[in-house]
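Q: Please take a close look at how the inside of this protein is packed. Which residues come together there, and what do they touch?

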Protein chains: 2
Amino acid sequence: MNGPDAPLDALSGGVTGPAALGPLLATVLDALETGATRRGGPLPTGHPADLAARVTEALATAAGPDALARLTELLAHGAADPADPYCAAHLHCPPLAVAAAADLAVSALNPSQDSWDQAPAATALETALLAELAALVGYDPAHAAGVLTSGGTESNLMGLMLARDQKLDGIVELDGLLGLPAGVRPRIFASRAAHFSVQRAAALLGLGERAVVPVDVDRDLRMDPVALERALAGASWAGHTPVAVVATAGTTDTGAVDPLPAVADLAARYDAWLHVDAAYGGGALLSDRLAPLLGGIERADSVSLDFHKLGWQPAAAGVFLVRRAETYVSLARRAVYLNPADDERAGYPSLLGLSLRTTRRPDAFKLAVTLRTLGRAGLGRLVDACHDLARAAADTVRAAPDLELYAEPVLTALLFRYRPADADAPQAPADPAALDPAALDRVNAELRRELLRTGRAVIGRTELPGEGPGRVRLKLTLLNPHTTPEEVAGLLGEVVRAGREAWRWVGR
Amino acid sequence: MNGPDAPLDALSGGVTGPAALGPLLATVLDALETGATRRGGPLPTGHPADLAARVTEALATAAGPDALARLTELLAHGAADPADPYCAAHLHCPPLAVAAAADLAVSALNPSQDSWDQAPAATALETALLAELAALVGYDPAHAAGVLTSGGTESNLMGLMLARDQKLDGIVELDGLLGLPAGVRPRIFASRAAHFSVQRAAALLGLGERAVVPVDVDRDLRMDPVALERALAGASWAGHTPVAVVATAGTTDTGAVDPLPAVADLAARYDAWLHVDAAYGGGALLSDRLAPLLGGIERADSVSLDFHKLGWQPAAAGVFLVRRAETYVSLARRAVYLNPADDERAGYPSLLGLSLRTTRRPDAFKLAVTLRTLGRAGLGRLVDACHDLARAAADTVRAAPDLELYAEPVLTALLFRYRPADADAPQAPADPAALDPAALDRVNAELRRELLRTGRAVIGRTELPGEGPGRVRLKLTLLNPHTTPEEVAGLLGEVVRAGREAWRWVGR
């Protein structure tokens with residue numbers, strides 16, 4: 001792949017692009033390796049301001065042909081690298097090398113999915129892949145439709161937009177909400193543990209965040225169908241319009257899956273659109289062991305899936321699907337310069353009306369390559385490995401006197417916290433039950449920052465519905481299938497050590 | 001970069017990722033070169049259905065370690081490659097090799113901009129780059145803010161969302177549009193040549209497409225400020241609320257730039273938000289010669305820029321900027337698992353509240369590397385080269401008896417059409433003025449499809465406001481700085497040849 005250096009303004013496409021890319025890619029790989037070696041752990045040590053100063057300095061002085069190496073090394077050195085076993089905070093997966101390599105082909109050719117004549121093969125490939133993903137969800141591919149998205153937030157927005165346009169009287173996309181008869185009050189029902197993008201979508205769509213009715217959850221953060229029924233009935237009595245019910249298949253914090261069949265029954269009874277946010281849990285469809293958790297998803301009107309979560313793709317690899325293609329109607333648009341009617345009649349297909357975007361990178365390509373390289377079974381084994389890892393982590397937490405498990409992991413995430421109880425820890429109070437909850441919160445928040453500052457580990461934190469604001473829970477989201485249970489135990493050991501240090505500073 | 005093959009499920013990150021990536025990247029480069037060679041032109045020959053069948057066949061049979069090579073070769077073979085001089089239809093640029101290489105580093109590390117602990121260096125880098133881009137627009141970087149986006153469509157949506165939330169009474173993001181007092185009629189003013197994403201945004205935001213008041217344009221597709229004043233005054237008399245004025249700096253079809261100072265004066269007078277859609281024309285800011293065209297852009301409340309158009313980045317490299325950071329308020333959100341308040345107080349910055357997305361790939365990285373590698377001056381030379389090319393193309397069109405130029409190019413695009421007038425063309429009518437306009441449209445639409453089907457060229461088509469539907473104009477968008485005037489002349493020669501063929505079939 002090496003060769004004489006191409007000019008700085010060489011292009012990546014055409015017959016000569018690969019030769020120009022070769023030496024640049026060698027530079028990138030060297031810089032990635034050097035940066036990761038210098039980092040020497042899951043993230044760089046120090047305060048964010050230190051790193052920001054290094055970035056400012058590099059941007060001020062990097063110039064010419066050396067800029068690529070210098071900035072790439074800094075990006076790698078300054079990464080929170082999900083490929084490191086001690087980086088396990090978020091739904092932020094370590095990509096497969098084959099997916100990253102496939103994504104390079106996309107960058108080099110730069111197809112854009114907004115018209116066939118910018119992406120001939122990529123148009124056909126996305127269409128075929130979506131049929132396959134529709135079948136994975138249990139939809140009839142002959143009637144389903146969908147599109148690749150930037151992620152669950154965009155997919156949730158699309159589901160709620162189509163719901164709004166289907167369920168409200170009048171032509172909202174033309175006349176707007178203000179064209180509706182007076183007194184219409186649209187409502188969206190989602191559990192208290194649903195992703196915050198549901199509220200965001202409601203605001204963006206002009207419905208307002210308060211249009212989202214929060215439905216109570218059980219302790220595992222699963223939506224309570226009795227509470228949903230009560231909420232739907234209450235709205236109905238008040239004359240409100242139930243636009244959509246959002247069920248979550250895999251909450252961000254616990255991986256909880258709402259009871260989909262019961263929720264689907266209720267949505268149908270109240271004529272609400274059912275959107276299933278499976279941005280996290282959708283990965284379970286790849287695993288024979290875990291797929292039954294998502295039974296009922298095939299009844300959804302629309303679904304969000306994210307293969308940059310439990311699917312090992314570089315961002316973005318979001319997927320939005322609808323069960324019936326005709327429900328897409330309010331998004332269909334004709335742009336005379338992109339999809340003129342006579343070109344469509346002549347057989348030139350257009351994906352323009354399927355997306356909120358115009359220019360659109362074919363993120364389907366890396367996902368198709370990954371599915372063909374590993375197969376569903378191969379990807380399912382990776383899902384199972386992460387599930388096994390989460391269960392092993394839960395065992396370790398349960399066995400650690402200074403750690404408190406919140407609940408058994410459902411998918412690959414677990415919640416816990418540091419709670420000094422060990423007789424050997426001199427800073428623990430004589431009676432652990434006497435611990436001040438606010439002190440415990442300060443300690444858990446501080447130990448997480450201490451792990452970040454010292455470059456030892458990246459773990460997550462959250463607060464749970466029903467526990468009130470400020471009640472800090474720690475979180476591991478295990479998405480690296482090559483991590484061992486021993487490495488997770490080592491990471492949890494660091495949590496305990498950092499907890500003891502933090503207790504000394506902020507615990508009292 | 002070669003080495004022993006890594007397992008199929010090897011990761012791209014960490015210290016060992018680069019070694020796993022090496023052989024896969026070599027495979028991709030080989031397949032890109034083979035695919036481009038087999039294509040042998042700007043796009044594959046044949047009907048879209050033929051290519052779709054090849055894609056279906058490849059997806060049905062590719063499996064295991066060979067899938068990457070096979071599908072990449074198909075993607076390249078089936079590409080409309082903007083690096084080919086005969087591919088010049090859309091605002092679909094050929095990426096710089098250095099930008100594609102930088103994008104690989106992002107794929108490999110997979111940072112996500114929704115929290116610092118998923119992207120420590122990338123967070124600092126995007127912040128610094130945005131300050132630089134704010135200065136490029138003429139904003140005071142100390143007061144501006146912004147974010148990388150998926151493109152002009154998302155940026156226009158963001159501008160109009162902030163405008164809606166600022167200019168309407170009440171708290172729209174919480175209570176929705178239906179919480180407004182009765183009789184409020186929000187209006188958005190945009191020229192008839194503005195991008196269709198303005199209407200799309202109005203629909204998504206719940207304002208409805210009919211909230212967009214179309215403002216007349218002159219023959220070059222520049223907004224007529226007298227017409228804008230009339231429209232604003234009319235809305236004001238009717239008691240409507242002028243939410244936003246959208247000015248276009250570089251229309252998709254002609255590159256026309258609306259008269260920004262006059263539009264800014266009117267927006268200020270009517271207290272409307274001014275959004276400048278410079279998705280195409282923003283590239284002119286890189287050129288000393290063309291930057292003066294955008295004088296006045298610094299008065300905008302918000303701006304869209306797309307460096308995957310006149311900036312040679314692989315998609316996506318959109319930018320959204322606001323002049324005053326505080327106008328971002330309605331998008332600010334706190335998610336307890338991403339940006340808890342005590343972490344922010346401890347110095348951990350968060351970009352979450354700047355974007356409509358949650359997971360977000362750091363598209364800023366490739367742009368920063370490109371700016372440092374070539375400098376603004378180096379990129380400006382590429383802009384000027386494309387501008388020169390468009391002017392040369394206009395000269396060629398003007399000199400061709402069978403081609404009719406619509407107008408002088410402003411940036412790098414030009415509109416024209418085939419119009420037989422050559423005495424040597426036996427199919428031309430004796431009196432060219434007697435040509436049936438509908439026949440001319442059919443011929444121009446058909447010649448474009450004929451160029452696609454025979455794999456000879458990818459040119460654009462459009463219809464212009466004021467000409468009525470179905471009046472086909474052809475378009476070249478010249479974004480390849482390495483294309484020569486002779487190659488463009490060759491491409492235009494193909495247009496004439498295809499026009500003569502098409503005339504025989506559909507002209508009469």
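A: A nonpolar core is a set of buried Ala, Val, Leu, Ile, Met, Phe, Trp, Tyr and Cys residues that are joined through side-chain atoms within 4.5 Å, and buried here means under 20% relative accessible area. In this model, which is predicted, the largest nonpolar core holds 219 residues, and within that core V276(A) and V276(B) touch the most other members. Leaving out residues up to four places away in sequence, V276(B) touches A247(B), A249(B), L260(B), I297(B), A300(B), S302(B), V303(B) and S304(B). A second core, separate from the largest one, has 68 residues, among them V198(A), A202(A), L207(B) and V322(B). In soluble globular proteins, nonpolar side chains tend to be buried together.

A contact between helices of the two chains can be followed in the same careful way. Helix α5 of chain A, residues 120-137, and helix α2 of chain B, residues 48-61, have axes that come within 9 Å and cross at roughly 50 degrees, and α5(A) and α2(B) are therefore oblique to each other. In this contact P120(A), A121(A), A124(A), L125(A) and A128(A) of α5(A) meet L51(B), A52(B), V55(B) and L59(B) of α2(B), and the residues divide into 9 nonpolar, no polar and no charged.

A lysine can be buried as well: K366(A), which is found in helix α12 of chain A, residues 364-399, counts as buried because its relative accessibility is 1%. Apart from neighbours within four places in sequence, K366(A) is in contact with residues including D103(A), Q313(A) and P314(A), and also with R361(B).

How values were computed:
Residues are numbered from 1 along each chain as its sequence is written. Chains are lettered from A and ligands numbered from 1 in the order in which they are written. This is a predicted model: local features need pLDDT of at least 70, side-chain atom pairs count only at pLDDT 80 or more; totals for chains, interfaces and linings use all residues. Side-chain values use heavy atoms; hydrogens and water are left out. Axes are lines fitted to C-alpha atoms, for helices over the stretch in contact, and angles run from 0 to 180 degrees between N-to-C directions. Helices (H or I, at least four residues) and strands (E, at least two) are DSSP runs, numbered from the N terminus. Angles under 35 degrees count as roughly parallel, over 145 as roughly antiparallel, 65 to 115 as roughly perpendicular and the rest as oblique. Contact means heavy atoms within 4.5 Å. Ala, Val, Leu, Ile, Met, Phe, Trp, Tyr, Cys and Pro count as nonpolar, Asp, Glu, Lys and Arg as charged, and the others, Gly among them, as polar. Buried means under 20% relative accessible area, exposed over 50%, partly exposed in between (1.4 Å probe, protein chains only).
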